[in-house]
Amino acid sequence: MNSDGRRAAPPSLVWFRLDLRLADHPALATAAARGPVVPVFIWSSEEEGAAAPGAASRWWLRQSLEALDASLRQRGSRLIIRRGPALAALRALVRQTGAKSVCWSRRYEPSLVARDVKVAEGLRADGLEAETFNSALLFEPWEVKTLAGGPFKVFTPFWKACLHRPAPPAASAAPARLDAPGTWPESEPLDSLELVAKTDWAAGFRPAWEPGEKGANARLAAFVDGGAGSYHEARDFMAADGVSRLSPHLHFGEVSPRRVWDLVARCAAAAPGRGPEVYLRQLVWREFAHHLLHHFPLTVAEPLRPEFSRFAWRRDLKSFSAWTRGRTGFPAVDAGMRELWRTGWMHNRARMIAASFLVKDLLIDWRDGAAWFWDTLVDADQACNTLGWQWTAGCGADAAPFFRVFNPVLQGRKFDAEGVYVKRWIAELAALPPAVVHEPWTADPAGLAAAGAYALPLVDHARARERALDAFSAATSKDR
DNA sequence: TTTTGAGTTGTTCGA
DNA sequence: GTCGAACAACTCAAA
């Protein structure tokens, strides 16, 4: 109730989640059109289960919430922060503000879908309106269907089906201003959520990233102006600036996929070439990951292909630990893992090399790799992480042919010919010539001495490859 | 129902 | 050095 006694529209709560932006935000736009808005973020990692953010994601979240609050304040509003459980927090806010409706963007992680259904039911039982919107995807995961009406398990037909769907609505602008409620409810201080580790592990993140909507738009603009046209050629070279680096911004919803699609497609229309289209396919891979997660929610923890559930993964804590620290002795693997640790992100080519090494060369369970990525990637996303690791392990959709085992030396030579990338992240290799930088154990004595602090290879790749081929053919053969 | 062509990202070997 | 074929058999999606 407003203190001045005027008959004002009751406020609406807008529950912010992975949609930390103001532009192209249907839940916010809907609420803002009705009257006063109370934007709220609820920290509730206990009830989010496997979808609760890892350490790197929490660092990002901390920065992004701060940025969201700042841009809300520019529009006469602010971000209210509360602790979960979500339903209790929303009910308390409803009591304190007199809100009559709650709007939010849908999330798709299996552990959250069930929770969110209960939240909506609870609010409606209280006589409130609870409205949910799609702000994270181009298409809802259940909208894209095969002719038989089922889910896709292969990317290319999924891509074609997406292209034949009606285009999603164009991205909309941020509301120019937001009406404030009569009085603001209390907010927890952002610092009290303790999202950032006490030790400054993330020192290397700051120069690499600008979390928040402004940073997302800057990154998108830079990509559209610079890299999109040559994306198809440059994206595989790990030392180059050839990829968009939009993944964390997309994960946290700081920019909408529709806006990314619009701008890249416009760029394709203005200067036709393979680059933009190849990038748009990547954007649809993100959709495909959510499609699979929706239809096969158990794949978070179980292989999509059931024959893999009996696979005898090796338990090898020492090797796993060496992998996490970037000390496997294979520079193409270790550079990626060190880039991850320092910046919270890894080039996609390096992700494939590092993941293949863990799963194929070390025969360590893909779920252990996924858990490490979950904790250390700023773009950690349950749908994409699950798809990526199952793809690498060959147990998911679009399974890799059994013989596709990445050779870390060849991959290094091919996609980092001069060794610029490995030297950037592995100081011990600085003095080695390109000819041996991806296999330092073959360097001459002087080179070996220079690289002395670097690790020896954990495995002989040729032998490890044979071992992997045997193990995978044993697991997938029908007759047993 | 059956058939057919295809399936993100690789490696190796031999010509 | 470059190039094409071979590397299992299977599953998916559509005709």
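**Exercise 1. Determine how many residues of strand E2 (residues 37-43) are buried, and which way they point.**

*Solution.* Start with the terms. Helices (H or I, at least four residues) and strands (E, at least two) are DSSP runs, numbered from the N terminus. A residue counts as buried if 20 or more other C-beta atoms lie within 10 Å of its own, as exposed if 12 or fewer do, and as partly exposed in between, with C-beta atoms placed from the backbone. By this count, seven of the seven residues of E2 are buried, and the strand is mostly covered. Next, sort them by direction: Val37, Pro39, Phe41 and Trp43 point one way, while Val38, Val40 and Ile42 point the other way.

A word on the source: this is a predicted model, in which local features need pLDDT of at least 70 and side-chain atom pairs count only at pLDDT 80 or more, while totals for chains, interfaces and linings use all residues. Residues are numbered from 1 along each chain as its sequence is written, and chains are lettered from A and ligands numbered from 1 in the order in which they are written.

**Exercise 2. Trace the strand pairings that involve E2 and E4.**

*Solution.* Two strands pair if DSSP finds at least two bridges between them.

- Step 1: strand E1 (residues 12-16) runs parallel to E2, joined by five bridges; Phe16 has Phe41 as its bridge partner in E2.
- Step 2: E2 in turn is parallel to strand E3 (residues 80-83), with four bridges, and Trp43 has Arg83 of E3 as its bridge partner.
- Step 3: returning to E1, four bridges join this strand to E4, again in parallel, and Trp15 stands opposite Trp104 in E4.
- Step 4: E4 and strand E5 (residues 129-133) run parallel and share five bridges, with Ser101 opposite Glu129 in E5.
- Step 5: between E4 and E5 the chain passes through helix H5 (residues 110-125), making a right-handed β-α-β crossover. Right-handed means that, with the strands pointing away from the viewer, the path from the first strand over the helix to the second runs clockwise.
- Step 6: E1, helix H1 (residues 26-34) and E2 also make a right-handed β-α-β unit.

One more check on E4 (residues 101-105): why is this strand largely enclosed by the rest of the structure? Because four of its five residues are buried.

**Exercise 3. Find the residues of the largest nonpolar core that touch the most other members.**

*Solution.* A nonpolar core is a set of buried Ala, Val, Leu, Ile, Met, Phe, Trp, Tyr and Cys residues joined through C-beta atoms within 7 Å. The largest one has 124 residues, and Leu13, Val14, Trp15, Val40, Leu90 and Val102 touch the most other members. Helix H3 (residues 55-73) gives the largest share of this core, eight residues. Now take Leu13 and list its contacts (C-beta atoms, placed from the backbone, within 7 Å). Leaving aside neighbours within four places in sequence, Leu13 is in contact with Val38, Val40, Leu90, Leu93, Val94, Ala99 and Val102. In soluble globular proteins, nonpolar side chains tend to be buried together.

**Exercise 4. Describe the surfaces near DNA strand B and DNA strand C.**

*Solution.* A residue is near a molecule or strand if its C-beta atom, placed from the backbone, lies within 6 Å of it. For the classes, Ala, Val, Leu, Ile, Met, Phe, Trp, Tyr, Cys and Pro count as nonpolar, Asp, Glu, Lys and Arg as charged, and the others, Gly among them, as polar.

- DNA strand B: 14 residues lie around this strand, and Phe155, Thr156, Trp285, Asp398 and Asn407 come nearest. The surface has eight nonpolar, four polar and two charged residues. Helix H6 (155-163), helix H11 (274-295) and helix H17 (408-415) each supply at least two residues.
- DNA strand C: 13 residues surround this strand, with Thr146, Phe152, Lys153, Pro157 and Phe402 the closest. The classes are eight nonpolar, three polar and two charged. H6 and H20 each supply at least two residues.

**Exercise 5. Locate the cis peptide bond, then decide whether Glu194 and Leu363 are buried or exposed.**

*Solution.* Most residues other than glycine have a negative phi, and most peptide bonds are trans. The cis bond joins Gly84 and Pro85, with omega about 5°; Pro85 lies in the loop between E3 and helix H4 (86-97). Glu194 has a positive phi of about 50° and counts as exposed because it has 11 C-beta neighbours inside 10 Å. Leu363 has a positive phi near 55°, but this residue is buried, with 20 other C-beta atoms within 10 Å.

Terms used. Two residues are in contact if their C-beta atoms, placed from the backbone, lie within 7 Å.
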